[in-house]
Amino acid sequence: MNEPALAKAVVKTMKILECLSHEQSLGITELAHRVSATANSLHMNKSTVYRFLTSLKELGFVRQDPETEKYSLTLKLFEIGMSVLDRLELWREAQPILKEIAHVTGETVHLATMDDYSLVYLGKIESARGLRVSMMSRVGQSAPTYCTGLGKTLLAYLPADRVNDILKRGKVIKFTERTITRRPDLDRELASIRENGFAIDNEEHEIGVRCVAAPVRDNHGGVCAAVSVSVPTVRLPDKEIPRYRSIVLRAAEEISQRMGYRQTGGPAASSDGKPSNGKPAKSSRPRVARARR
């Protein structure tokens, strides 16, 4: 099968950004010459370069010096790169803890974060048990926020206007009879999560699956991710929830500390995602509490 042709507009954009990355600033004439020189099959005249630069400037990727009229890169690419690096660091720090939770509980464990308007799974460790949850989750896959333990946890610590924006962007689907679809009910659920510091998915996304989730905080005190344990409903009656809650909260705390955060008080956090009684600190490493098998 032949490889799909590269979109010329994308290639031109990337070549402009690459050329600007090698210099403090460049004018349109010099930039057009350099782009054409770096790719023999990609000729760009000054008017074409100007059109691309105008779009990049509008999007915040380049700036123009009002005196010299030369163009240079902004820090937006750096910010994008740092967000990718943060995710890689988060998974690297969380992976051994997730493996320990999976070993201790024998259940499926997830790590997820927000990506635009949905949650994205950063990591998943499957249960080794014969009877385990058969979930639709996959690493890199997105999932709705309002009906999953991870998603509700992430929503709970976002500002109200951001929650409104996320919920307006997507259609609210009633996946099961337990799915929360009414906004007042969801608001009460999110308030409860903030108050108690953890969330429960009570077969709201998939029948036969219950989840316990808790927030992971970064060194600035904001909630950057969530961790959860997913259990077949038959193995997670109400009386077992406190035990799993303890395991998940301790795991979330340890991951947070590895990310540079120390919580000095209870689990409650403000609506902007920052706990009201915690502060950044160097990492310490409590161990995940062991569950009875």
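**View 1. An open sheet of 6 strands in the predicted model.** The strand order is 5-4-3-8-7-6, with antiparallel pairing. Strand 5 (142-143) and strand 6 (199-202) are the edge strands, each pairing on one side only. Strands (E, at least two residues) and helices (H or I, at least four) are DSSP runs numbered from the N terminus; two strands pair if DSSP finds at least two bridges between them. This is a predicted model, in which local features need pLDDT of at least 70 and side-chain atom pairs count only at pLDDT 80 or more, whereas totals for chains, interfaces and linings use all residues. Residues are numbered from 1 along each chain as its sequence is written, and side-chain values use heavy atoms, leaving out hydrogens and water.

**View 2. Strands 7 and 8 of the sheet.** Strand 7 (residues 209-217) and strand 8 (residues 223-232) run antiparallel and are joined by 9 bridges. Val209 has Pro232 in strand 8 as its bridge partner.

**View 3. Two helices across the strands.** Helix 5 (residues 149-156) lies across strand 3 (108-115), strand 4 (118-125), strand 6, strand 7 and strand 8, at about 155° to strand 8. Helix 8 (residues 241-258) lies across strands 6, 7 and 8, at about 30° to strand 7. Axes are lines fitted to C-alpha atoms, for helices over the stretch in contact, and angles run from 0 to 180 degrees between N-to-C directions; contact means heavy atoms within 4.5 Å.

**View 4. Leu77 in its helix.** Leu77 is located in helix 4 (residues 76-105). Leu77 counts as partly exposed because its relative accessibility is 34%, between the limits for buried (under 20%) and exposed (over 50%), with a 1.4 Å probe and protein chains only.
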